[in-house]
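This report introduces one protein structure to a reader who has not met it before. The sequence and the model are shown first, and the description follows.

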Amino acid sequence: MTQNQQQCESSSGRPRDCEARYARLKRRPWAVTTAVVAAGAVVLGVTAIASAHDGHPTARVAARSIDSDKAKVPGEQAYGNLQRHHVLGPVDYSGGPTPPVGGPHHPTWQNANGDVYDRPLRNEHAVHSLEHGVVWVTYAENAPRSVVNAFRKKVEGVPYRMMSPVPGQGAPVKLTAWGRQLAVTSADDPRVDQFFDAYVQGPQAPEPEGPVTGGRATP
């Protein structure tokens, strides 16, 4: 007999009642422990379900249409119904403009923190940057060097802008945003700054706050 049982009987004088009370006390820690474990399992289960549902932000992609009737800069071309799903292999962009303005793309974006590249980019990475609100300046092989240098000054070191050559694009220089494209011949064209103002992290971008560093750093 334990000390607790002896004290109980000496105070109540009823051994049977004390035995029942002692049995209940003996079971209680196990009941509490079981309840705590069950509650923890529920919390973990809910957390696991929520985590599985949320996923990584870059994995949650969906189609979004761009209204072609809401072009903001004179002379620009607008494109709608652009897909956004991620692919690891090459994408055939031949059915659209050059360079592409959107569509399926690689999960890794091209760095566009004012980066100026001297070689053509892989389109799949560049398109992902457009999705993040980047304006991509591209120039043809025959573009005058003075024009290229003038655009470099507008791009270099400025976040959400990048620049690269695109052979055979059909115009000396093009400015491209998600679902938008403008062909120009000079950096002095007032539409150039209008395009930057309208579309750098603009409302056309599905993910205008997406990162422009930490992605692909080379062509």
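Across which strands does helix α3 lie? In this predicted model, helix α3 (residues 123-131) lies across β3, β4 and β5 (173-177), and its direction is at about 140° to β3. A second helix, α4, lies across β2, β3, β4, β5 and β6 (180-184), running at about 155° to β4.

**Overall composition**

The protein has five helices and six strands. Read from the N terminus, its elements follow the order α-α-β-β-α-β-α-β-β-β-α. Of its 219 residues, 37% count as buried. The protein exposes about 12200 Å², and carbon and sulfur atoms supply 54% of that area. Among contacts with a separation of 6 or more, residues 24 or more positions apart account for 69%.

**The sheet**

The six strands form an open sheet with mixed pairing, in the order β1-β6-β5-β3-β4-β2. Strands β1 and β2 stand at the edges and have a single partner strand each, so one side of each is left without a neighbour in the sheet. Within the sheet, strand β3 (residues 135-139) runs parallel to β4, and five bridges join the two. One residue of β3 can be followed across this pairing: the bridge partner of V135 in β4 is R161.

R161 also takes part in a contact of another kind. This arginine lies over the face of F196, at 3.7 Å from the ring centre.

**An aromatic pair in helix α5**

A pair of aromatic rings is described by the distance of the centres and the angle of the planes. The count here comes to one aromatic pair. The partners are F195 and Y199, with 4.8 Å from centre to centre and 70° between the planes, an edge-to-face arrangement. The two residues are four apart in helix α5 (residues 190-199), which means that about one helical turn separates them. Both F195 and Y199 are buried.

**Backbone features in the loops**

Two residues other than glycine, N81 and Y160, are listed below with their positive phi values.

| Residue | Phi | Loop | Relative accessible area |
|---|---|---|---|
| N81 | near 55° | between β1 and β2 | 65% |
| Y160 | near 65° | between α4 (145-155) and β4 (161-165) | 11% |

Is N81 buried or exposed? With a relative accessible area of 65%, N81 is exposed, since a value over 50% counts as exposed. Y160, by contrast, is buried, at a relative accessible area of 11%, a value under the 20% limit for buried residues.

The loop that holds N81 lies between β1 and β2. P99 is also found between these strands, β1 (77-78) and β2 (113-116). Which kind of peptide bond runs from T98 to P99, cis or trans? The bond is cis, with omega near 0°.

**Summary**

The model combines five helices and six strands, and the strands are arranged as an open sheet of mixed pairing. Helix α3 lies across β3, β4 and β5, while α4 lies across β2, β3, β4, β5 and β6. Helix α5 holds the F195 and Y199 pair, and the loop between β1 and β2 holds P99 as well as N81.

Conventions:
Residues numbered from 1 in each chain as written. Predicted model: local features only at pLDDT ≥ 70, side-chain atom pairs only at ≥ 80, totals over all residues. Heavy atoms only, no water. Buried < 20%, exposed > 50% of the residue type's maximum accessible area, 1.4 Å probe, protein only. Contact = heavy atoms within 4.5 Å. Areas by Shrake-Rupley, 256 points an atom, 1.4 Å probe, with all protein chains shown as cover. Pairing = 2+ DSSP bridges. Axes fitted to C-alpha atoms, helices over the stretch in contact; angles between N-to-C directions. Phe/Tyr/Trp six-rings, centres within 6.5 Å; stacked < 30°, edge-to-face > 60°. Lys NZ or Arg CZ within 6 Å of the ring centre and 35° of its normal.
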